[in-house]
Amino acid sequence: MEWSLVWKAVIALAGTAALLGVVLAVASRRFYVELDPRVKEVLKALPGSNCGACGLPSCEAAAEAVVEGEAPPTICKAGGSDVAEALGKIMGVEVESLIPLLAHIHCRGGKSVSPIKAIYQGVNSCRAAETAMGGGKACPFGCIGLQDCADICPVNAIAFDEEGIRRVNIKKCTGCGLCSDICPRNLIEMVPAYQTVFVRCKSRYTGKKALALCKVACIGCKKCEKVCPHDAIHVEDGFATIDYDKCTNCGDCADACPTGSIQLWVEKDGHPEGGEFVLPKRKKKDNGESSQPETGSPRPEEGSEDAS
Amino acid sequence: MNEVWRYFLIFFGAMMVYNFILIRFIGLCPFFGISNRLETSIGMSVSVVFVMVMASSVCWILWNYVLDPLNIEFLYIVTFILVIASLVQFVEMIIKNTSPPLYKAMGIYLPLITTNCAVLAAVIESIVPGFNKMHVAYNYSFPEALVFTIGVALGFALVLILFAAMRERLELAPIPKFFRGIPIAFIAAALYSLAFMGFAGMFGL
């Protein structure tokens, strides 16, 4: 064996490596860039998987954007509220905790209240039915009640209720919004989880025309608009829409609604779907003894029912 | 043969006729990985051109003044990787300090280049005799090696940017569901490759 060759190889390689190392060391000192120390902290708090969900190429870029104030502390979708809080702490910003969203289907017109105009026998898909004269249901705005949203739901949170329309199981719903995108009638909306008052109709028809197609339709009477103490509900395009930022879940609108299209969601322990929709207290006689709307829902305006 | 013509042949051969990505199939990972968006592919291309040319010049000096005289040519892969890796670090530091916008544009692609086989291949081919399958020359002189690497790098950049521009359009095209994304990119790359075969034989290369 030729030892001189080995020595030459070792020395040459070590020399090259040492030279490059020195160059790098000098360069790192010479070209040192003052970094905001918060960038490092933020980077530590981020998941570090460089998933790109925030729209930036790496967690490092996201950290820099956060520190420079170009991005909010809530930028990391993958990290959720934990990471958002940690980032907020580093940046000294109060982070309003990410409000979880839940899917809500704006229709309650089941088969007992909403007549059908035909019997649909086509593909079991709302999008197919929508192209074929809107399926069997007479109401052109209501839930068709076929498979699309249930199929796309990754957690099987959407099932039929006893009336044959779709209902979301809020215990399972993760708020991903896939169903909201796929519904051909735009009935599914992502609603903040604290919301308990819902307008369960999106009929653009008003008055008699709406009632003819569904007994529990929103007829656009604007009574809810008048009683709302917070200017949170408005009738647009023939149906009432709640502004969830302003709404305090007081339920006055549900009390005022003549058709019962505005309902309260009551959480119930042990209920398989986490709760159910009820009509407000005033309509108790219509709905049996089941309703106790106050339970579980924050209702700051307890006395409002007497006032109205 | 006229000198200028010779340099042109080296350049054109490296860039088009023996294009690294489409004819030689070297550096396919960044080709498919980065070509989603035009913007990122341009950043990557600029970084590759920069690093390739730098690496090739440093390695040429190392080969001709260290490895070759000492008869330890067998160390070339280790040495070149060492040089490329530290060079990328070095370049990153300098750019970070001198030109933040450029640094932002290149972003994470600079470190990625360390593991880019195209850079190592370009360096080895331009320097180590016996590795060059082109019939232009074997033992490149320094300017020849430089021209060769610039050609390789520009060919890489050209294909990457062309492909990224096309992939952006593919996003909007009505492609069957099972072909969307990577599958159609592979098919398109194959067609690109066929098209680039048209350069074969040009100028007798």
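This passage describes strand pairing in chain A and the nonpolar cores of a predicted model. Residues are numbered from 1 along each chain as its sequence is written, and chains are lettered from A in the order in which they are written. Because the model is predicted, local features need pLDDT of at least 70 and side-chain atom pairs count only at pLDDT 80 or more, while totals for chains, interfaces and linings use all residues.

A good place to start is strand β8 of chain A, residues 262–267 (strands are DSSP runs of E, at least two residues, and helices runs of H or I, at least four, numbered from the N terminus). Five of its six residues are buried, so β8(A) is largely enclosed by the rest of the structure; buried means that 20 or more other C-beta atoms, placed from the backbone, lie within 10 Å of the residue's own. Strands count as paired if DSSP finds at least two bridges between them. β8(A) runs antiparallel to β5(A), residues 197–199, with three bridges joining them, and A:V197 sits opposite A:L264. Four bridges, also antiparallel, link β8(A) to β9(A), residues 275–278, where A:G275 is the bridge partner of A:E267.

Turning to the cores, a nonpolar core is a set of buried Ala, Val, Leu, Ile, Met, Phe, Trp, Tyr and Cys residues joined through C-beta atoms within 7 Å. The largest has 56 residues, and B:V48, B:V119 and B:F156 are among those with the most contacts inside it. Helix α8(B) gives the largest share of this core, 12 residues. A second, separate core of 53 residues includes A:I188, A:F198, A:C224 and A:F239.

Conventions. Buried ≥ 20, exposed ≤ 12 C-beta atoms within 10 Å, placed from the backbone.
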